[in-house]
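This report describes the packing of helices and strands in one protein model. The structure is shown first, and the description follows.

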Amino acid sequence: MPASRTAHPLIDTGPEAQHLLAAFYTTARAGHLDRLAGGGGPLGFDITTACQLHVLLSMFGCDGIVESGCHLGDTTDYLSRAYPALPVRSCDLDPGRAAFTRRRLAGRSNAEVRCGDSALLLKDLMAGMERPLVFLDAHWSSVWPLRAELGVLEQRAAVVVVDDFDIGHPRFGFDSYEGVVCGPQLVAKALPHLERMFVADPEADYPFPCLQTGRRSGTGILLPNLDDTLLAGHPYFAEVPLRPLPVLPTWTSTPSAAAVRSCC
């Protein structure tokens, strides 16, 4: 039986919330310099994603954060300031973007930025971490490393968050490469032992309103080799069965034609 929703940790309204808000909204939105959809900003300038990550980090006791695809460092900057006690390690395939982000975070002792293929760097980036939160956002160049990244993470105990993920909601965008959607079907094929995953619930009662009026992206959460019952029933997340076929939730704000559907 899933745990009661009221038993799950949420964001408080005291110092914890103030720290999160201050770190989020004082982060420079450098992404607009490179024409990022939505104007850049940490986590696509979506405060609800920040709330989701905060809950995941707390609930699973993560001891580090790894990001694939730092771009110009908006998210990396936010994470390193919001969680100064945790190592925050990122990378980018583009030498110019990696160098820009490295300069941006100079003097931030908990932050590290490398240049190279994220799938090849993941093991080193997670070194010394027993339970990292891994934010997969390397979805920019013509080479899409997601399948290889998931292969690296298959045997790890990690909280894996995939950005630009298809959650089946018309307000939230997702990526697609050569006809392959960044969504549950890809996860089901890449991680055949995984019985279910979760997606961020866009209709949850978050403590802060999202100020992003442009593109918002869906978020997928995978918990390989962790007790995923901890997340079942949490108001910020919705379960997605992966077997026998992936099935996305029905959202009340989704047009009726997009009811519960198979991803195949």
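The crossing of α1 and α3 is right-handed, a term that applies when the near helix is turned clockwise from the far one by less than a right angle. Helices (H or I, at least four residues) and strands (E, at least two) are DSSP runs, numbered from the N terminus. The model is predicted: local features need pLDDT of at least 70, side-chain atom pairs count only at pLDDT 80 or more, and totals for chains, interfaces and linings use all residues. Residues are numbered from 1 along each chain as its sequence is written, and side-chain values use heavy atoms, with hydrogens and water left out.

The axes of α1 and α3 come within 9 Å and cross at roughly 150°; axes are lines fitted to C-alpha atoms, for helices over the stretch in contact, with angles from 0 to 180 degrees between N-to-C directions. The two helices, α1 and α3, are therefore roughly antiparallel, the term for angles over 145 degrees. His19, Leu20, Ala22, Ala23 and Phe24 of α1 meet Tyr78, Arg81 and Ala82 of α3, where contact means heavy atoms within 4.5 Å.

Eight strands form an open sheet of mixed pairing, in the order β3-β2-β1-β4-β5-β11-β9-β12. Strands pair if DSSP finds at least two bridges between them. At the edges stand β3 (111-115) and β12 (237-241), each with a single partner strand, so one side of each lacks a neighbour in the sheet. From one strand to the next the twist averages 20°. Three of the pairings are listed below.

| Strand pair | Sense | Bridges | Opposed residues |
|---|---|---|---|
| β1 (65-68) and β4 | parallel | four | Glu67 and Phe135 |
| β4 (133-136) and β5 | parallel | four | Phe135 and Val161 |
| β5 and β11 (219-222) | antiparallel | four | Val161 and Ile221 |

Five of the five residues of β5 (159-163) are buried, that is, under 20% relative accessible area (1.4 Å probe, protein chains only). Val159, Val161 and Asp163 lie on one side of β5, with Val160 and Val162 on the other.

The largest nonpolar core has 40 residues, and those with the most contacts inside it include Leu56, Phe60 and Val159. Such a core is a set of buried Ala, Val, Leu, Ile, Met, Phe, Trp, Tyr and Cys residues joined through side-chain atoms within 4.5 Å. Its largest share, eight residues, comes from α2. Apart from it lies another core, of 35 residues, among them Val66, Met129, Val162 and Ala238.

Notes
Buried < 20%, exposed > 50% of the residue type's maximum accessible area, 1.4 Å probe, protein only. Parallel < 35°, antiparallel > 145°, perpendicular 65-115°, else oblique.
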